[in-house]
Amino acid sequence: MKNNHFSKLVDQHSENWKNRETLAEAMIPIIGRLYREKNIILTIYGRSLVNCSVIEILKLHRRVRMVDPYLSVTDTFPLLASIKDLNIHSCKIDLGRLTNRFKKENVNLKSFLDANITNKLFNQPVDTSTDVVLYGFGRIGRILARLLLEKNTNKEGLTLKAIVVRKRSDDDLHKRASLLRRDSIHGQFKGTISVDEDNEAIIANGNYIKIIYENNEEPLIDFSKFGISYATLIDNTGKNRDTENLEKHLKCNGISKVIVTAPTGSSIKNIVYGVNHNQIARSDKIISAASCTTNAIAPILHIIHNKFGIESGHIETVHSYTNDQNLLDNYHKKDRRGRSAVINMVITETGAAEAIKSILPELNGKITGSAIRVPTADVSIAILNLRLSSLSSKEEINEYVRQISNSELLQEQIDYTNSTEVVSSDFIGSQTAGIFDAQATIVNGNQITLYVWYDNEMGYSSQVLRITSKIAGIQYLNIQ
């Protein structure tokens, strides 16, 4: 009898899993076709389904259990199957939230979709392609390229047209392609890559990317001769941070906007998408995407200050080592950074606290910051020690952040984990600006300590591209 009971359980769970696998497999071509042919981005509570595998689709349904514990592909598939036949174009559809609402309303599916999708998208304008040029091809440059290429399977949105680098050797082109193809941290590139030696170009997932070799002695680049026009140039070298050097890009034919992946002076707007991106004006020519740490902490500081009020605070960043440091002890112009990055913890400075002044001026003079570089290759953590204006509890703060992380406003900037077992490597590949660790929250009266993980490569690069879309004027109506 006992064996029969457990046999039934085994068969039941196995059959349930196979059914969900079958539905997830059937979802993939529909999601791909809607994206390629109609420029429709399907998401589950803000997380994109585009180019996801069967397992990734099932995991996305599972990960939202704190918000919607009963969401399954058995619920979302019928809506997706009906959406594919709608005469709509160029939008984002949150399949998870929409399904949740449909289950609660308990109405006819066609009437529900007409009211919530078709009628809202009537006569919506169609987005067009915006050219992107990467100036530099280091860690951030290659992550930006991956994000642009892995999602760009249609002709609308952001299109990577060229990469500007210095030529290091005769086989430079092949080495650049190889570094894009394989990454020690983020794994293999999702797609195919080939090289056009005669025309000095990389072809990735069907995208033709001109590699432009530039030396300081050469004149300004004429991007228009490569078919590039009104492009947004992303300077990810980390070297050009002042207006004078960044304005040189605007003198090049084919470039209309510049984004720099580093904090800059007061004359250039420092933007953290989700916090102050509405400050971007059509007239802005140069925008700073601040730093990875600033992008991780600014959303959390913003919402905590709005709810509880921050009187003062100190941010300690425990940051993975970067290419700026040495593998072995050697000369470095900055204090301590000359010591070996792979065997030492290195106390250094961070510009995040300074950048917060321009992004959240209401916290000007209230926040200090410092950093420790540690021997991990990727994923960092920010420790926020804050004194609040009002008393709170661990439960209240955690629940508040959890709700915000699932809101439309900041779901791309604040992720949330309540696991007691997570470590830094669990967040490699995260495309949110930061991940709030609820288990680590400490509250002592009006003194609180919050821990925020962030993939300082992938999460930051995702924020940069959100700014790029904003500055290029690419906006999607979000249906949820």
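Here a biologist and a modeller talk through a predicted model, term by term.

Modeller: Welcome! This is a predicted model, where local features need pLDDT of at least 70, side-chain atom pairs count only at pLDDT 80 or more, and totals for chains, interfaces and linings use all residues. Residues are numbered from 1 along each chain as its sequence is written, and side-chain values use heavy atoms, with hydrogens and water left out.

Biologist: Thanks! What makes Cys-91 count as buried or exposed?

Modeller: A residue is buried under 20% relative accessible area, exposed over 50%, and partly exposed in between, using a 1.4 Å probe on protein chains only. Cys-91 has a relative accessible area of 0%, so Cys-91 is buried. Cys-52 has 15% relative accessibility and therefore also counts as buried.

Biologist: How do you know that Cys-52 is not bonded to Cys-91?

Modeller: A disulfide is a covalent bond between the sulfur atoms of two cysteines. Here the term is used for a pair of cysteine sulfur atoms within 2.5 Å. The closest cysteine sulfur to that of Cys-52 is in Cys-91, at 17 Å, so it is too far for a bond. Cys-91 is in no disulfide either, its nearest cysteine sulfur being that of Cys-52. A search of the whole structure finds zero disulfides.

Biologist: Now the helices. Which residues of helix H3 are buried?

Modeller: Helices are DSSP runs of H or I with at least four residues, strands are runs of E with at least two, and both are numbered from the N terminus. In helix H3, residues 73-83, the buried ones are Val-73, Thr-76, Leu-79, Leu-80 and Ile-83.

Biologist: Why do you say they are on the same side of H3?

Modeller: The arc is taken from the directions from the helix axis to the C-beta atoms. The buried residues of H3 cover an arc of only 135° around the axis, so they are on the same side. An α-helix has 3.6 residues a turn, so residues three or four places apart point the same way.

Biologist: And what about helix H7: which residues are buried there?

Modeller: In H7, residues 172-181, they are Asp-172, Leu-173, Arg-176, Ala-177 and Leu-180. Seen down the axis, these fall within an arc of 135°, so they line one face of H7. Ala-177 also has a partner in space: its C-alpha atom is 7.2 Å from that of Val-195, 18 residues apart along the chain. Val-195 lies in strand S8, residues 193-196, and is partly exposed at 26% relative accessible area.

Biologist: Why is the pair of Phe-308 and Tyr-400 called edge-to-face?

Modeller: Rings of Phe, Tyr and Trp (its six-membered ring) pair if their centres lie within 6.5 Å; planes under 30 degrees apart count as stacked, over 60 as edge-to-face and the rest as tilted. The centres of Phe-308 and Tyr-400 are 5.7 Å apart and their planes are at 85°, so the pair is edge-to-face. Phe-308 is in helix H9 (residues 292-308) and Tyr-400 in helix H11 (residues 394-405), so the pair links distant parts of the chain, 92 residues apart. Both Phe-308 and Tyr-400 are buried. The whole structure has four aromatic pairs.

Biologist: How do you know that the charged end of Lys-167 sits over the ring of Tyr-213?

Modeller: The rule asks for NZ of Lys or CZ of Arg within 6 Å of the ring centre and within 35 degrees of the ring normal. The charged end of Lys-167 sits over the ring of Tyr-213, 5.2 Å from its centre.

Biologist: What is notable about phi in Ala-290?

Modeller: Most residues other than glycine have a negative phi. Ala-290 has a positive phi of about 55° although it is not a glycine. Ala-290 is in the loop between strand S14 (286-288) and H9, and with a relative accessible area of 0% it is buried.

Biologist: Where is Val-379, and what is its phi?

Modeller: Val-379 lies in the loop between strand S17 (367-374) and strand S18 (380-388). Its phi is near 80°, a positive value in a residue other than glycine. At 4% relative accessible area, Val-379 is buried.

Biologist: Last one: what makes Ser-407 partly exposed?

Modeller: Its relative accessible area is 22%, so Ser-407 counts as partly exposed. Ser-407 is in the loop between H11 and strand S19 (414-417). Ser-407 and Gly-46 are 361 residues apart in sequence and 9.0 Å apart in space, C-alpha to C-alpha.
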